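Visitor: I would like to learn how the labels on a protein model are earned. Could you take me through one?
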Amino acid sequence: MENGVERASDAAAAAMFGEEEVREISGFTRGHDYVEVMCGCTSYRYGDAVGRLRVFVSGDLEICCECTPGCPEVQVYDESSLSTT
C-alpha cells in the first residue's frame, strides 16, 4: 500500500504544474510530494541570500534560507496560517 500512496503523491506533484509551464524556470525541481524553486531571501542576520521555496501538494509552504551552511531560519506555513479571513 505504501508504494501506491507514494505513486499518488508523485502524480499529484507532477500535476501541480505542466512541463511547459516550468520549462524555463531556473532552479525548478519536482520532489516526491512538492515542487521547489530557488529564490532570493533576506536574513536579518546575514542579509540577502539564496533560498528555496517548496510548495507541497497539501498546500503547505516551506521557505529555507541558505545564507550560511546550517542556517536555522526555516519557515513552514500550513494552509490555515496563510488564510486572509
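**How the labels are earned**

Guide: At 57% relative accessibility, Glu19 counts as exposed.

Visitor: Why does Glu19 count as exposed?

Guide: The cut-offs decide: buried means under 20% relative accessible area, exposed means over 50%, and partly exposed lies in between, with a 1.4 Å probe and protein chains only. Glu19 has 57%, so it counts as exposed.

Visitor: What kind of model is this?

Guide: This is a predicted model, where local features need pLDDT of at least 70, side-chain atom pairs count only at pLDDT 80 or more, and totals for chains, interfaces and linings use all residues. Residues are numbered from 1 along each chain as its sequence is written, and side-chain values use heavy atoms, with hydrogens and water left out.

Visitor: What makes Arg30 and Glu19 a salt bridge?

Guide: A salt bridge needs a side-chain nitrogen of Lys or Arg within 4 Å of a carboxyl oxygen of Asp or Glu. The closest N and O atoms of Arg30 and Glu19 are 3.7 Å apart. That is within 4 Å, so the pair is a salt bridge. Arg30 is in strand E1 (residues 29-30) and Glu19 in helix H2 (residues 19-22), so named because helices (H or I, at least four residues) and strands (E, at least two) are DSSP runs, numbered from the N terminus. The two residues are 11 residues apart.

Visitor: Is Arg30 buried, partly exposed or exposed?

Guide: Its relative accessible area is 31%, so Arg30 is partly exposed.

Visitor: How many salt bridges does the rule give?

Guide: The count comes to 4. One of them joins Glu36 and Arg52, at 3.5 Å from N to O. Glu36 lies in strand E2 (residues 34-43) and Arg52 in strand E3 (residues 47-56), so this pair ties together parts 16 residues apart in sequence.

Visitor: What makes Glu36 buried or exposed?

Guide: Its relative accessible area is 10%, which is under 20%, so Glu36 is buried. Arg52 has 21%, so Arg52 is partly exposed.

Visitor: Which salt bridge joins Glu36 and Arg54?

Guide: Their side chains meet at 2.5 Å, N to O. Arg54 is in strand E3, so the pair ties together parts 18 residues apart in sequence. Salt bridges with shared partners join Glu36, Arg52, Arg54 and Glu62 into one network.

Visitor: How do you know that Arg54 and Tyr34 make a polar contact?

Guide: A polar contact is a pair of N or O atoms within 3.5 Å; within protein, one must be able to donate a hydrogen and the other to accept it, and residues adjacent in sequence count only if both atoms are side-chain atoms. The side chains of Arg54 and Tyr34 are joined at 3.4 Å, so the distance fits.

Visitor: How do you know that E2 and E3 pair?

Guide: Two strands pair if DSSP finds at least two bridges between them. E2 and E3 have 10 bridges, so they pair, and they run antiparallel. They form a hairpin with 3 residues between them. Thr42 stands opposite Asp48 in E3.

Visitor: What about E3 and strand E4?

Guide: 5 bridges join E3 to strand E4 (residues 61-65), and the two run antiparallel. In E4, Glu62 is the bridge partner of Arg54. Their hairpin has 4 residues between the strands, and Gly59 in the turn has a positive phi of about 100°.

Visitor: Why is Val22 called buried?

Guide: Val22 has 6% relative accessibility, so it counts as buried. Val22 is found in helix H2.
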